[in-house]
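Trainee: Could you walk me through this structure? I would like to start with what sits in the middle of it.
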Number of protein chains: 2
Amino acid sequence: MREFRAKPVVESLTQKYKEEANELKSRGIFPALAIVRVGQREDDLAYERGIIKRFESADCKVMVHELPGDVSFEEVKELLLRLDRDDKVHGILMFRPLPKHLDEDALRNLVSAKKDADCMSDINMAHVFAQDGVGYPPCTPEAVVEMLKFYEVPLKGKRVTVVGRSMVVGRPLAMLLLKENATVTICHTGTEDLKAECQRADIVCAAAGSPRMIGPDHVRKGQIIMDVGINVVDGKMCGDVDYDAVAPLAEAITPVPGGVGGVTTAMLLGHVMASAKGASGQNS
Amino acid sequence: MREFRAKPVVESLTQKYKEEANELKSRGIFPALAIVRVGQREDDLAYERGIIKRFESADCKVMVHELPGDVSFEEVKELLLRLDRDDKVHGILMFRPLPKHLDEDALRNLVSAKKDADCMSDINMAHVFAQDGVGYPPCTPEAVVEMLKFYEVPLKGKRVTVVGRSMVVGRPLAMLLLKENATVTICHTGTEDLKAECQRADIVCAAAGSPRMIGPDHVRKGQIIMDVGINVVDGKMCGDVDYDAVAPLAEAITPVPGGVGGVTTAMLLGHVMASAKGASGQNS
């Protein structure tokens, strides 16, 4: 059994981006992400710390715009539009969910494709669906494909079962895998025989948001198991895969923590770098 | 073997829409589709005739706007925006592909969600991807699901293999099937063992655009075979399924012509009716 860990993937990408960032700086361009955070949710703060650490390690900038929890729609809108116009900002990330009094659908669609670093807008999601090379895909599903490529897992023609159909992971992941010419099966709570759908796959991607739901009965020897779940049970973080029971069977598996989740911020960094370089494509 | 024919589906829908149209007329609303056709391609003209016939049978109107093949971008744009503002127009359909000198991507995105009767715009396609109930899905994949429902084929939990990943049929069809809680596998030219992927399905949807590519080796007894292909071979229309060889094995199968393709214009009619009734949702 091999363990696909985030660390080597992130180190490799960070080194590359650091070199690119310093080259850009010599030309007066300082790759920068603007974070828009409303209030002080602990989840947001933890993610923010992870992003800042990742960007600092590549000599890139993060500018945090903290807004009070009772901020008005107009104020958030003005900030987003100002950041979108600002040439010194190469990517924008607004933490969600927003407080209920704010119209999240309206706000998340204000950012232009090139600066929408984590695919908040409907139009960028349409580009992910079409896989037409415009905009950036959401960071988490992209991290899954990036890890598979880093660890040299062939995808062309392979059977991949995606467990979960959310717009955050499952559906965009299915589209990214189709682009790699995988044969993709999308499973969900309505699937009649999930065990069979998982067992026949070459690669299983668990993105259901249900702690340890993929157990030894779902897998067979020789499979690659990508665990996208991040759950907290009894104060301890775990994935959607029952790691201890599944790992002995798998050809390779991602741990939680230390797996897919750890690569997400490197994808975000990649989008900001691509935007700073003047690129705008998913292929860049 | 049962044959799933378009005719009963269309007759049932047309009758319903005719009653609704006459009720609307009594309130001064005349359900109307505007067609924008550039040039006189034979494919477009044939489709146009089919649409006019369908709409007439439900006492609804079609207004054809024919533009010369060398029309300018500005002229098409002005027409689309004028139709979009016109309260007497409840749906807009622009035949594509457009001549190469016109920026099709810009033009197809000018029509608002409510009047975009065949899902031309990226934003409506994003709504199909998200299945969030806004806008109308493309007519052809919707016709597949409509036929399955009409013939009372259960979809929840069933295995459906979609052959083809186009933005016209394959991908939106996969999303519409997911909404019905089917377990969906998307196959394509890169799939290693297409026969196995088809054979294990409860329902096979062939939308590859390759004449008679699904043969008796791809199917097993008891399956439902939905043929979305429209090909012309030796002057004769045929589907993506080798009908004569496959039909004896199938539980049910759609013929070509007379199957899925025949239901498409009824979906278009349904979108115009929904828009005329002031509805705007995919669920309406």
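Mentor: Keep in mind that this is a predicted model. The largest nonpolar core holds 180 residues, and the members that touch the most other members are A:V163, A:V204, A:C205, B:V163, B:V204 and B:C205.

Trainee: Ok, and what is B:C205 in contact with, if I skip its neighbours within four places in sequence?
Mentor: With those left aside, B:C205 is in contact with B:V144, B:V160, B:V162, B:V163, B:L173, B:M226 and B:V228.

Trainee: How are chain A and chain B related?
Mentor: A turn of 180° with a shift of 0.0 Å along the axis lays chain A on chain B, and the RMSD is then 0.0 Å. That is the relation of a two-fold axis.

Trainee: How many residues does each chain bring to the contact, and which element of chain A gives the most?
Mentor: Chain A brings 22 residues and chain B brings 22 residues. On the side of chain A that touches chain B, the elements giving two or more residues are α5 (122–130), α7 (170–179) and β6 (183–187) of chain A, and α5(A) gives the most, with six residues. In addition, 100% of the interface residues of chain A are also interface residues in chain B, so the copies meet through the same surface.

Trainee: Let's move to the sheets. What is the order of the strands in the sheet with twelve strands?
Mentor: The twelve strands form an open sheet with mixed pairing, and the order is β1(A)-β11(A)-β8(A)-β7(A)-β5(A)-β6(A)-β6(B)-β5(B)-β7(B)-β8(B)-β11(B)-β1(B). Its edge strands are β1 (2–3) of chain A and β1 (2–3) of chain B, each of which pairs on one side only.

Trainee: And where the chains join in that sheet, do β6(A) and β6(B) pair in the parallel or the antiparallel sense?
Mentor: β6(A) and strand β6 (residues 183–187) of chain B pair in the antiparallel sense, over three bridges. In this pairing the bridge partner of A:T185 is B:T185 in β6(B). You can also look at α7(A), which lies across β5, β6 and β7 of chain A together with β6 of chain B, and which runs at about 170° to β6(A).

Trainee: What about β5(A), is it buried or exposed?
Mentor: Five of the five residues of strand β5 (residues 159–163) of chain A are buried, so this strand is largely enclosed by the rest of the structure. From β5(A), A:R159, A:T161 and A:V163 point one way, while A:V160 and A:V162 point the other way. β5(A) pairs with β6(A) in the parallel sense over five bridges, and there A:V162 has A:I186 as its bridge partner.

Trainee: Now over to chain B: which way do the residues of β8(B) point?
Mentor: In strand β8 (residues 224–227) of chain B, B:I224 and B:M226 point one way and B:I225 and B:D227 the other way, and all are buried. Strand β7 (residues 203–206) of chain B is joined to β8(B) by four bridges, and the two run parallel; B:V204 has B:I225 in β8(B) as its bridge partner. β8(B) also pairs with strand β11 (residues 252–253) of chain B, in the parallel sense over two bridges, and B:I224 stands opposite B:A252 in β11(B).

Trainee: Which strands make up the open sheet of three strands in chain B?
Mentor: That sheet has the order β3-β2-β4, with parallel pairing, and its edge strands are β3 (61–67) and β4 (91–94) of chain B. Neighbouring strands of this sheet are turned by 20° against each other on average, direction ignored. Strand β2 (residues 32–38) of chain B pairs with β4(B) over four bridges, and B:A34 stands opposite B:I92 in β4(B).

Trainee: How is chain A split into domains?
Mentor: The domain assignment of chain A gives domain 1 (27–115) and domain 2 (139–261), and their centres, taken over C-alpha atoms, are separated by 29 Å.

Trainee: Last thing, why does A:Q40 count as exposed?
Mentor: A:Q40 has 11 C-beta neighbours inside 10 Å, and the cut-off for exposed is 12 or fewer, so A:Q40 counts as exposed. A:Q40 lies in the loop between β2 (32–38) and α2 (42–57) of chain A. From A:Q40 to A:V162 there are 122 residues in sequence and 33 Å in space, C-alpha to C-alpha.

Key
Residues numbered from 1 in each chain as written. Chains lettered and ligands numbered in written order. Predicted model: local features only at pLDDT ≥ 70, side-chain atom pairs only at ≥ 80, totals over all residues. Least-squares fit on C-alpha atoms with pLDDT ≥ 70 in both. Contact = placed C-beta atoms within 7 Å. Domains from an automatic or database assignment. Core = buried A, V, L, I, M, F, W, Y, C linked by C-beta atoms within 7 Å. Buried ≥ 20, exposed ≤ 12 C-beta atoms within 10 Å, placed from the backbone. Pairing = 2+ DSSP bridges. Axes fitted to C-alpha atoms, helices over the stretch in contact; angles between N-to-C directions.
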